[in-house]
Amino acid sequence: NNTIVDAGDLTVLDTFDMVPFLNFLSLVRDVPRAQFKLLLENAVSCVLPSDTTANPNCGTGRFAQIAGFEFVYDPAGTALVLDGNLNVVTQGSRVKEVTLDDGTKIVVDGVVVAGPAINVATIDFLANGGDQYPFGNLPYEILGNTYQQSLADYIEFLETVTAADYPEGGEGRIQLATEQMGLVDTSQGTWTLPVATPPQTLSLLAVGAPFYFGNPGDFPMIGDWDCDGTDTPGLYRQSDGFVYLRNSNTQGVADIRFFFGNPGDVPIPGDFDGDGCDTVSLYRPATSQVFVINELGANNGGLGAAETTYAFGNPGDVPFVGDFDGDGDDTIGLHRASTGFVYFRNALTTGIADNSFYWGDPGDVVFAGDWNSDGVDTPALFRASNSTFYWRNSNTAGNAQGSATVTTTGTPYPVGGHFG
Ligand SMILES: [Ca+2]
Ligand SMILES: [Ca+2]
Ligand SMILES: [Ca+2]
Ligand SMILES: [Ca+2]
């Protein structure tokens with residue numbers, strides 16, 4: 001639990017406060033690696049408020065406390081759903097990396113590494129399927145101690161526990177993968193993904209190697225065009241309305257090409273119907289109109305008419321996209337450089353803004369993303385004059401809650417997403 005222990009003596013009674021249930025230390029031998037990943041998927045299957053919709057069995061308590069290994073999870077992945085008999089209903093894809101303390105890799109990039117099974121120490125409640133932990137029918141040995149007695153013994157063994165042993169923000173055993181920030185040098189058509197990761201997480205990836213995609217002057221965007229959870233480049237050529245999309249973060253030709261819109265339209269990529277796939281919608285600055293479409297074109301063909309069209313904003317507003325209320329559907333925001341305000345609605349309809357607040361100076365490029373992995377997109381901006389990203393984690397007025405200064409070349413333009 002989250003007991004705060006004041007400096008001074010710890011008593012046995014304190015340990016009963018910390019671990020108050022009658023659970024016995026237990027040993028589960030030879031847990032196959034895939035099942036170990038399944039156990040961790042269960043641990044992170046109820047971390048977003050929206051998870052309770054898919055899984056009515058979500059309850060408090062299933063998030064794991066761990067030792068002996070580290071793992072990285074990304075709430076943007078699919079939550080594991082189990083039925084009442086602990087059979088898998090929906091496979092989870094949130095657990096990205098699992099590494100034992102001796103360096104053995106168990107999961108890399110979401111994929112289980114083949115190898116020997118693992119012995120797991122836990123409590124009999126979980127070994128027996130409590131909190132939906134899917135240990136299956138693996139036998140477990142109940143050892144002689146309750147977990148409270150084990151904790152008391154351990155503290156006695158240590159003699160002194162200091163705050164330095166338990167740093168604020170944790171020791172990195174459990175890491176949260178957030179959306180990252182990248183830059184496109186539009187003067188060269190070079191992409192660097194990522195260049196910054198908000199520091200609520202340890203940076204998982206070094207700065208990416210730049211790669212070429214597109215021509216100088218193309219309007220860059222990023223999205224998950226093939227619905228695999230990884231965001232990759234796209235381009236909109238404003239002169240002729242051509243869309244060029246690529247499904248990997250590597251140099252190469254476009255995987256998808258089609259045309260849509262009028263000269264001068266601004267691309268707004270997002271998942272406007274919440275199906276897990278991003279598509280390219282448009283904002284027409286001349287008339288302040290949004291054109292939403294939930295499919296991609298193909299084969300150099302035209303995409304046809306938009307599914308939804310509505311007016312939003314004033315001439316000169318610059319659009320950005322996000323899921324500002326965390327319901328799974330993207331909607332449109334606007335940055336008005338003349339006032340320094342952002343405006344957004346949580347529905348794809350005409351109407352007054354659901355929210356507006358001061359964010360950014362003229363010249364800043366505003367975009368949105370989920371910088372703390374709570375399921376809600378909030379604003380960021382890139383300020384070219386000092387090569388710095390700024391972001392907030394709530395959709396409210398206020399100063400930036402984080403910033404990162406990066407190295408730039410040419411004409412940098414920001415993108416945010418899960419770059420894999
Ligand atoms: Ca993708
Ligand atoms: Ca979609
Ligand atoms: Ca939304
Ligand atoms: Ca967020």
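**Calcium sites, a negative patch and some backbone details**

Glu 307 sits in the loop that connects β21 (301-302) with β22 (308-311). In this predicted model, Glu 307 joins Asp 273, Asp 275 and Glu 295 in forming a negative surface patch. With a relative accessibility of 45%, Glu 307 counts as partly exposed, because exposed residues must lie over 50% and buried ones under 20%. Asp 275, another member of the patch, is likewise partly exposed, with a relative accessible area of 42%.

Two residues of the patch lead straight to a metal site. Asp 273 and Asp 275 each give a side-chain oxygen (OD) to the calcium ion (ligand 2), which is also coordinated by Asp 271 (OD) and Cys 277 (O), at 2.3 to 2.4 Å. Along the chain, the donors of this calcium ion (ligand 2) are spaced as D-x1-D-x1-D-x1-C. Asp 271 has a relative accessible area of 9% and is therefore buried, the limit being under 20%.

The calcium ion (ligand 3) is held by Asp 323 (OD), Asp 325 (OD), Asp 327 (OD) and Asp 329 (O), at 2.3 to 2.4 Å. For this calcium ion (ligand 3), the donors follow the pattern D-x1-D-x1-D-x1-D. Asp 323 is buried at 8% relative accessibility, whereas Asp 327 is partly exposed at 44%.

Turning to the helices, α2 (residues 33-43) is largely enclosed by the rest of the structure, because 10 of its 11 residues are buried. The buried residues of α2 include charged side chains, among them Arg 33, Lys 37 and Glu 41. Phe 36, Leu 38, Leu 39 and Leu 40 are buried in α2 too, as are Gln 35, Asn 42 and Ala 43.

Several backbone details also deserve a look. Most residues other than glycine have a negative phi, and most peptide bonds are trans. The bond from Leu 193 to Pro 194, however, is cis, with omega near -10 degrees, and Pro 194 belongs to strand β12 (residues 190-196). Glu 159, which is not a glycine, has a positive phi of about 70 degrees. This residue, Glu 159, is found in the loop between α5 (147-158) and β10 (174-176) and is exposed, with a relative accessible area of 70%. Asn 299 offers another positive phi outside glycine, near 55 degrees. Asn 299 lies in the loop between β20 (289-292) and β21, and its relative accessible area of 74% makes Asn 299 exposed.

Conventions: Residues are numbered from 1 along each chain as its sequence is written. Chains are lettered from A and ligands numbered from 1 in the order in which they are written. This is a predicted model: local features need pLDDT of at least 70, side-chain atom pairs count only at pLDDT 80 or more; totals for chains, interfaces and linings use all residues. Side-chain values use heavy atoms; hydrogens and water are left out. Donors are N, O and S atoms within 2.8 Å of the metal (3.2 Å for Na, K and Ca); water is not among the atoms, so sites may look incomplete. Buried means under 20% relative accessible area, exposed over 50%, partly exposed in between (1.4 Å probe, protein chains only). Patches are made of residues with over 30% relative accessible area and no salt bridge: like charges are joined within 9 Å, nonpolar side chains (Val, Leu, Ile, Met, Phe, Trp, Tyr) within 5 Å. Accessible areas come from the Shrake-Rupley method with a 1.4 Å probe; for residues, only the protein chains shown count as cover. A salt bridge is a side-chain nitrogen of Lys or Arg within 4 Å of a carboxyl oxygen of Asp or Glu. The place of a charge is taken as NZ of Lys, CZ of Arg, CG of Asp or CD of Glu. Helices (H or I, at least four residues) and strands (E, at least two) are DSSP runs, numbered from the N terminus.
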